[in-house]
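Welcome! Take a look at the structure shown here, and then try the exercises that follow.

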Amino acid sequence: MQQYLQIFLTFFKIGAFTIGGGYAMIPIIQEEVVGRRKWIAQEEFLDLLALAQSAPGVLAANTAIFVGYKMRGIRGAITATLGAALPSFIIILLIAIFFSNYKDNPTVEAIFKGIRPAVVALIAAPLYKMAKSAKITYRTAIIPIATALLIWLVRISPIWIILITIVSTVAYIYFRDKDEQKQL
Amino acid sequence: MVYLYLFISFFKIGLFGFGGGYAILSLVQHEVEHYGWLTSAQFTDIVAISQMTPGPIGINCATYVGYTASGSILGSVVATTAILLPSFIIMIILSKLYLKLKNNPYIAGVLKSLRPVVIGLIAAAALVLMTPDNFIDPWSFILFAFAFLLTLSFKMHPILVICLAGLAGYLIY
C-alpha cells in the first residue's frame, strides 16, 4: 500500500510540474525516478524513453505506465497514470469551469515568460550525464548529433529514426551471426 | 451521444498521436472541427492554456474539450480516459515484452543502438523549443543560462528551478 502511495505521489508531482508537456518532464522524471527513488537504472531510463517514444499517445503517461508496471504490475501502472494525469485534469477543469480568460492575466503571463526559457535549459542540462551512461564516445557522438539535427532542421519524425535504427540493428546482428556460423 | 463521440474521437487521438505534444494538437484540431465542439478561437485558447499550465498537452486538451463539448465533468472524464486508454494497452504490452526479452540478443542490440538516438531526440526537443516565443528578450537567455548552471553544476531539483524561474519572471516582467 505504501508503495502505491509513493508511486501515486511521485507521478502526481511529475504531472503537476511539467509545463510545456512531453520532453519538459523528462528531467523531472529522471530526477524523481532514477535519482531519488532509484526505481530504475540510468540505462533502463533511456530504454524506457525509446519505448515511450515508439508507442502512441502522451509521452508522460507512457513513461508513468512503464514505471508503474515495472514496480507493481497493472495496478501499479494504473496508479502511476492516475497520478500523472490528475494534476492537469483538475487544473484544466477548473479553468474550463471558472476562468476561461485567465491567460490574459499579466501576472500569470509574467511568471510564464520566466519559466519558458528555464524549461528549455532543464531539457538540455541532463544530456551530458545521459551521454556518459550510454557510453557515447567522440566517434559515436555522430548518432545523437545527426538525430538532433535531422529532427530540428529537416523536421523528420522521430518515429522514422527509431524504425531505421531498429531495422538496421536487427539486420546487422543477423548478418554478423551468419558470418560467424560460416567461419565455424 | 456526445459522450460516445468524445470517447471515439479521443481514443483515436490517443491511438494515432505519435510523437506526443504538438503532434497530438493537429489531431485534436481535426476532430474538434469535425464535430464543431470548439470555435477556432476557443481552440487557440486551449493551446495557450495548455502551454501555460502543467501537464501533458494531450490530457489538457481532452479535459478541456470534454467539458466544453458536453457541459459536464463527465465529458472531461470520458475524453481523458479515452485518450489514455490506447497508450495504456500498448505500453503494458511493450513493458511486458521489454522486461521479459531485454536479454534477447536482438532486443538488447536494438535497445543499445537506440540509446544514442534517444539522446539525440532530447537534444532536438531543446533545439526545437529555442523559438522567439520562448526567448523573447536578453533576460530569457540569462534565465536559460542560470537554469542550465543550477541543474548541471548544482544538481538543483528541476521543480525548484521552475519555481525560481517563475518568481524571476514575475519580478522582471
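Below are three exercises, each with a worked solution.

This is a predicted model, where local features need pLDDT of at least 70, side-chain atom pairs count only at pLDDT 80 or more, and totals for chains, interfaces and linings use all residues. Residues are numbered from 1 along each chain as its sequence is written, chains are lettered from A and ligands numbered from 1 in the order in which they are written, and side-chain values use heavy atoms, with hydrogens and water left out.

**Exercise 1. Describe the build of chain B.**

Step 1: Start with the elements. Chain B has eight helices and zero strands; these are DSSP runs (helices H or I, at least four residues; strands E, at least two), numbered from the N terminus.

Step 2: Turn to the overall spread. The radius of gyration of chain B is 20 Å, well over the 16 Å that the globule rule gives for 173 residues, so the chain is more spread out than a compact globule. That radius is taken over C-alpha atoms, and the rule is 2.2 Å times the number of residues to the power 0.38.

Step 3: Add the spans. Along its principal axes, the C-alpha trace of chain B covers about 55 × 55 × 25 Å.

**Exercise 2. Find the partners of Ser72(B).**

Step 1: Locate the residue. Ser72(B) sits in the loop between α4 (57-70) and α5 of chain B.

Step 2: List its contacts (heavy atoms within 4.5 Å). Leaving aside residues up to four places away in sequence, Ser72(B) touches Tyr3(B), Gly66(B) and Tyr67(B).

**Exercise 3. Examine the salt bridges, and work out which pair joins two chains.**

Step 1: Recall the term. A salt bridge is a side-chain nitrogen of Lys or Arg within 4 Å of a carboxyl oxygen of Asp or Glu. Over all chains, the structure holds seven of them.

Step 2: Try a pair in chain A. Lys13(A) and Glu32(A) meet through their side chains at 3.1 Å, N to O. Lys13(A) lies in helix α1 (residues 2-16) and Glu32(A) in helix α2 (residues 26-36) of chain A, so this pair ties together parts that are 19 residues apart in sequence.

Step 3: Try another pair. Asp47(A) forms a salt bridge with Arg115(B), the closest N and O atoms being 3.0 Å apart. Asp47(A) belongs to helix α3 of chain A and Arg115(B) to helix α6 (residues 105-128) of chain B, so here is the pair that joins two chains.

Step 4: Check the cover, where buried means under 20% relative accessible area, exposed over 50% and partly exposed in between (1.4 Å probe, protein chains only). Asp47(A) is buried at 2%, and Arg115(B) is buried at 18%.
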